[in-house]
Structure formats: C-alpha cells, structure tokens
Amino acid sequence: MPKTAIYPGSFDPVTNGHIDIITRGLKLFDHIIVCILNNPSKQALFSVEERMEMLRKSLNGVQKIEIATHDGLLVDYAVKRKAHAILRGMRAVSDFEYEFQMALMNRRLNRDIQTVFLMTGLRWIFTSSSIIKEAARFGGNINGMVPKVVQQKLNAKFAS
Ligand code: PNS
C-alpha cells in the first residue's frame, strides 16, 4: 500500500524551506498531501486561495504531491485521506517545544497517526514565513528565500 503523508501548515506564504522539506519527504513517502490549515494563533497575510495558488505554482512539475486545504482538525483530515503520517520540518531548538506539544496533542487525538520530523536544511534554518514577510514589508531583499512567484506576490502586496 502506498505510504501517504500530510504536510500541514499555514504556508503564508510557502518558502524554500517548505519546498526543501517536501522534496526530501518524497524520498520517504510515496505521496505527500500539502495541506493548508488554519493556525488560530496567526493572522494570515494571504487568503487561502492565494496560498494555494502560490503552492501550486511553486511545486509545478513536482510529482506525487497534491495541494489541499482543510478547515478543522489536522488528524481528522489525515484519517479522511488515509494518511500514515504527519510530516513536519524542525528548525532550531526554538521550534522544539511547539512542535513537541502539537505532535503529542495530535497523538492524543488519534494514536494511529505518527508525526515524522525532518530537520530543516541548514540553508533555511533561520528563515520562516513570518520573518520573510517582515523583511519584505520593509523592503528587504528576500531573493533566494522564497520561490519567484512568492517573491512577486510579496512585492506586490507591500508595494502600496
Ligand atoms: O505553519 P504552522 O502555522 O506552524 O502550522 C500549524 C498548523 C496549521 C499545522 C496547526 O495550527 C494545525 O494543525 N491547525 C489545524 C487545527 C489542529 O488540528 N491543531 C492541532 C491540534 S489542536
């Protein structure tokens, strides 16, 4: 049976760090569902439709992936899609507590779904959607940190 993972996140917007986790995740899983979910502690800059479009364009040509969105609990979506695992990237120690808490809560909600972590590539260890948005908002150069289509969208968003 093919092994499917859900790669969940806000993806507001997708970064090259996310793309790195997806491409490396494909070495472990047969199929990855990249799923935009709501993180209630974050205020999104882009609409879900805009985030989907950026993901679609950034991952154009990458096989064995699917882009989706779900309004509700991640574990419920994983069950619905018959996924074997939740895939998450882990950057520095600062990510650990939040990721640990989320993985244990998801495990408490559904013991059949495992969370698998990949260490973020060294090149992306300092980047996040939030810090990239902040740099872009004040006119900083974010070249090479996000796919070109995302760079254009950010520039357009902060142009006025
Ligand atoms: O990219 P993020 O913001 O770190 O991703 C967090 C996300 C969206 C994966 C998380 O907030 C989430 O799973 N939201 C859906 C609701 C849910 O199932 N929460 C976790 C258990 S309470």
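## The largest pocket

Helix 4 contributes eight residues to the lining of the largest pocket, the most of any element. The structure is a predicted model, and the volume computed for this pocket is about 1,100 Å³. Its lining consists of 44 residues, and those closest to the pocket centre are Gly9, Ser10, Asn39, Arg88 and Tyr98.

Six elements each give two or more residues to the lining: strand 1 (4-9), helix 1 (16-25), helix 2 (48-58), strand 4 (85-90), helix 4 (93-109) and helix 5 (129-137). Sorted by class, the lining residues are 16 nonpolar, 19 polar and nine charged.

## The ligand and its neighbours

There are 15 residues around the ligand, and the ones that come nearest are Ser10, Asn39, Lys42, Leu74 and Arg88. Ser10, Asn39 and Arg88 are also listed among the residues closest to the centre of the largest pocket.

Polar atoms of the ligand pair with both backbone and side-chain atoms of the protein. A nitrogen atom of the ligand lies 3.0 Å from a backbone N or O atom of Asn38. The side chain of Asn39 has a polar atom 2.8 Å from an oxygen atom of the ligand. For Arg88, an N or O atom of the side chain is 3.0 Å from an oxygen atom of the ligand.

## Arg88

Arg88 belongs to strand 4. Its relative accessibility is 15%, so the residue counts as buried, the cut-off for that class being under 20%. Besides the contact with the ligand, a polar atom of the Arg88 side chain lies 3.0 Å from the backbone oxygen of Pro8.

Leaving aside residues up to four places away in sequence, Arg88 touches Tyr7, Pro8, Gly9, Tyr98, Glu99, Met102, Thr115, Val116, Phe117 and Leu118. Two of these, Gly9 and Tyr98, are also among the residues closest to the centre of the largest pocket.

## The loop between strand 1 and helix 1

Ser10 sits in the loop between strand 1 and helix 1. Ser10 is classed as buried because its relative accessibility is 14%. Not counting residues up to four places away in sequence, Ser10 is in contact with Ile36, Leu37, Asn39, Lys42 and Arg51. Asn39 and Lys42 appear again among the residues that come nearest to the ligand.

Phe11 is in this loop too. Which sign does phi of Phe11 have? The value is positive, near 50°, in a residue other than glycine. Most residues other than glycine have a negative phi, and most peptide bonds are trans. Phe11 has a relative accessible area of 2% and is therefore buried. Further along, Asp12 and Pro13 are joined by a cis peptide bond, with omega about 0°. Pro13 is likewise found in the loop between strand 1 and helix 1.

## Helix 2 and helix 6

Helix 2 has Glu50, Arg51, Met52, Met54, Leu55 and Ser58 as its buried residues. One of them, Arg51, is also a contact of Ser10. The cover over the buried residues of helix 2 includes helix 1, strand 2 (31-36), strand 3 (65-69) and helix 6 (148-157).

In helix 6, the buried residues are Val149, Val150, Gln151 and Leu154. These residues pack against helix 2 and helix 5.

## The loop between helix 2 and strand 3

Gly61 and Lys64 are two residues of the loop between helix 2 and strand 3. Is Gly61 buried or exposed? Its relative accessible area is 59%, so Gly61 is exposed, since the class begins at values over 50%. The C-alpha atom of Gly61 is separated by 20 Å from that of Met145, and the two residues are 84 residues apart along the chain.

Lys64 has a positive phi, near 65°, and is a residue other than glycine. With a relative accessibility of 47%, Lys64 counts as partly exposed.

## Helix 5

Helix 5 gives two or more residues to the lining of the largest pocket, and the buried residues of helix 6 pack against helix 5. Ile131 is located in helix 5, and at 47% relative accessibility Ile131 is partly exposed. From Ile131 to Ile142 the C-alpha distance is 10.0 Å, with the two residues eleven residues apart in sequence.

Note on methods. Residues are numbered from 1 along each chain as its sequence is written. This is a predicted model: local features need pLDDT of at least 70, side-chain atom pairs count only at pLDDT 80 or more; totals for chains, interfaces and linings use all residues. Side-chain values use heavy atoms; hydrogens and water are left out. On a 1 Å grid over the protein atoms alone, a cavity is a set of points where a 1.4 Å probe fits but cannot get out, and a pocket is an open set with protein on both sides within 12 Å along at least five of seven lines; lining residues have an atom within 4 Å of a point. Grid points are joined across faces, edges and corners, and a volume is the space filled by probe spheres set on the points. Helices (H or I, at least four residues) and strands (E, at least two) are DSSP runs, numbered from the N terminus. Ala, Val, Leu, Ile, Met, Phe, Trp, Tyr, Cys and Pro count as nonpolar, Asp, Glu, Lys and Arg as charged, and the others, Gly among them, as polar. Buried means under 20% relative accessible area, exposed over 50%, partly exposed in between (1.4 Å probe, protein chains only). A polar contact is a pair of N or O atoms within 3.5 Å; within protein, one must be able to donate a hydrogen and the other to accept it, and residues adjacent in sequence count only if both atoms are side-chain atoms. Contact means heavy atoms within 4.5 Å. A residue is near a molecule or strand if one of its heavy atoms lies within 4 Å of it.
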